[in-house]
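Me: Got a minute to walk through a sheet with me? I'd like to go strand by strand and see how the pieces fit.

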Amino acid sequence: MELNKEEIIKDGENLFSVFCVLGSVVYVKRVFDVNSSPSYKLEEVLKHYRKIEIMEK
C-alpha cells in the first residue's frame, strides 16, 4: 500500500487526510467534510505503516 497526499483514512466516524508520508510514519490532519471520496480503513493502513501522527492546528 502506498498512500498519497490528501487521501482519506477513516477511523469509525473520524476522517483524516494524509498530509505526508515519511518512511513508515503517516502524518494526517482531521477533516470534517469529505464528499464521498474513497477512503482507507485505519486498520488496513496500520498493517502497512508503523505509526500515524495527527497534526493539530
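Reply: Sure, and keep in mind that this is a predicted model. Phe16 is a handy place to start, since it has a partner standing opposite in strand 3.

Me: Which residue in strand 3 stands opposite Phe16?

Reply: Strand 2 covers residues 14-22 and strand 3 covers residues 25-31, and the two run antiparallel. Leu15 stands opposite Val31 in strand 3. For Phe16, the residue opposite is Arg30.

Me: How many bridges join strand 2 to strand 3?

Reply: Those two strands form a hairpin with 2 residues between them. Gly23 sits in that turn, with a positive phi of about 65°. Running antiparallel, the strands are joined by a bridge count of 7.

Me: Now the other hairpin: which residue in the turn between strand 1 and strand 2 has a positive phi?

Reply: Strand 1 is residues 8-11, and 4 bridges join it to strand 2 in antiparallel fashion. Asp11 has Asn14 as its bridge partner in strand 2. There are 2 residues between the strands, and the one in the turn with a positive phi, about 65°, is Gly12.

Me: Do strand 1 and strand 4 pair in the parallel or antiparallel sense?

Reply: One pair to look at is Ile9, whose bridge partner in strand 4 is Tyr40. Over 3 bridges, the sense of the pairing between strand 1 and strand 4 is parallel.

Me: And on strand 3, what is the bridge partner of Val25 in strand 5?

Reply: Strand 5 is residues 51-54, and it runs parallel to strand 3, with 4 bridges joining them. Within strand 5, the partner of Val25 is Lys51.

Me: So what order do the strands take in the sheet?

Reply: The sheet is open, has 5 strands and shows mixed pairing. Strand 4 (39-41) and strand 5 each have a single partner strand, so they stand at the edges, and one side of each is left without a neighbour in the sheet. Neighbouring strands are turned by 40° against each other on average, direction ignored. Read across, the order is 4-1-2-3-5.

Me: What about the rings: how far is the charged end of Lys5 from the centre of the ring of Phe19?

Reply: As for aromatic pairs, the structure holds 0 of them. Phe19 does have a charge over its ring, though, from the end of Lys5. The distance to the ring centre is 5.4 Å.

Definitions and conventions:
Residues numbered from 1 in each chain as written. Predicted model: local features only at pLDDT ≥ 70, side-chain atom pairs only at ≥ 80, totals over all residues. Heavy atoms only, no water. Pairing = 2+ DSSP bridges. Phe/Tyr/Trp six-rings, centres within 6.5 Å; stacked < 30°, edge-to-face > 60°. Lys NZ or Arg CZ within 6 Å of the ring centre and 35° of its normal. Axes fitted to C-alpha atoms, helices over the stretch in contact; angles between N-to-C directions.
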